[in-house]
Amino acid sequence: MQIVIAGADEDGLGAALSDIEADVHAVDVANRPGLEEAGIHEADVYLLTEMRQATSIAVAKDLNPDVRVVIYADGSLPDFASRQADLVVDPDLLSPEAVAEEL
């Protein structure tokens, strides 16, 4: 499974995904060039860890319409982005290991 993870990974979700042998590519700023460089075209999952980068969901879906969008962050997802998100998880409710296993 190929995963592009965007944002600060303060909870260690990227490491948990690597532990289950997922192919993880990280990008700090989720703009079009960054997502393309991280391999969004081939990704199975786009994992966002910062709500403030929610506008990147539309970019990721434009580049790869079939990518599953997973949000692993606290706070509220803006309405415009919530329609494109497949799953929103609060880090206070599920551990990185539990999310990695479910993906």
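D62 is exposed, with a relative accessible area of 51%. The model examined here is predicted. The side chain of D62 forms a salt bridge with that of R32, at 3.0 Å from N to O. The pair joins distant parts of the chain, with D62 in helix α3, R32 in helix α2, and their positions 30 residues apart. R32 is partly exposed, at 38% relative accessibility. D62 lies just over the 50% cut-off and therefore falls in the exposed class.

The count of salt bridges comes to two. The other pairing involves E50 and R52, whose side chains meet at 3.1 Å, N to O. Here the partners contrast in burial. E50 is buried, with a relative accessible area of 12%, whereas R52 is exposed, at 73%. E50 is classed as buried because its 12% lies under the 20% limit. In general, side chains of opposite charge can pair when their charged atoms come close.

Acidic residues also gather on the surface. D9, E10, D11, D74 and D92 form a negative patch. Of this group, D74 sits in the loop between β4 (68-72) and α4 (79-82). D74 is exposed, with a relative accessible area of 52%. That value is over the 30% required of patch members, so D74 meets the accessibility condition.

The interior was examined next. The largest nonpolar core has 22 residues. Those with the most contacts inside this core are V4, L35, I40, Y46, I57, I71 and L77. At least two core residues come from each of β1 (2-6), α2 (32-38), β3 (45-48), α3 (56-63) and β4. Helix α3 gives the most, with three residues. Nonpolar side chains tend to be buried together in soluble globular proteins.

Two further positions show residues far apart in sequence and their separations in space. A38 belongs to helix α2. At 8% relative accessibility, A38 is buried. A38 and I5 are 33 residues apart in sequence, and their C-alpha atoms are 8.7 Å apart. D44 is placed in the loop between α2 and β3. Its relative accessibility of 38% makes D44 partly exposed. The C-alpha atoms of D44 and M1 are separated by 6.2 Å, with the two positions 43 residues apart along the chain.

How values were computed:
Residues numbered from 1 in each chain as written. Predicted model: local features only at pLDDT ≥ 70, side-chain atom pairs only at ≥ 80, totals over all residues. Heavy atoms only, no water. Patch = residues over 30% accessible without salt bridge, like charges linked within 9 Å, V, L, I, M, F, W, Y side chains within 5 Å. Areas by Shrake-Rupley, 256 points an atom, 1.4 Å probe, with all protein chains shown as cover. Salt bridge = Lys/Arg side-chain N within 4 Å of Asp/Glu carboxyl O. Lys, Arg positive; Asp, Glu negative; His and termini not counted. Charge placed at Lys NZ, Arg CZ, Asp CG, Glu CD. Helix = DSSP H or I, 4+ residues; strand = E, 2+ residues; numbered from the N terminus. Buried < 20%, exposed > 50% of the residue type's maximum accessible area, 1.4 Å probe, protein only. Core = buried A, V, L, I, M, F, W, Y, C linked by side-chain atoms within 4.5 Å.
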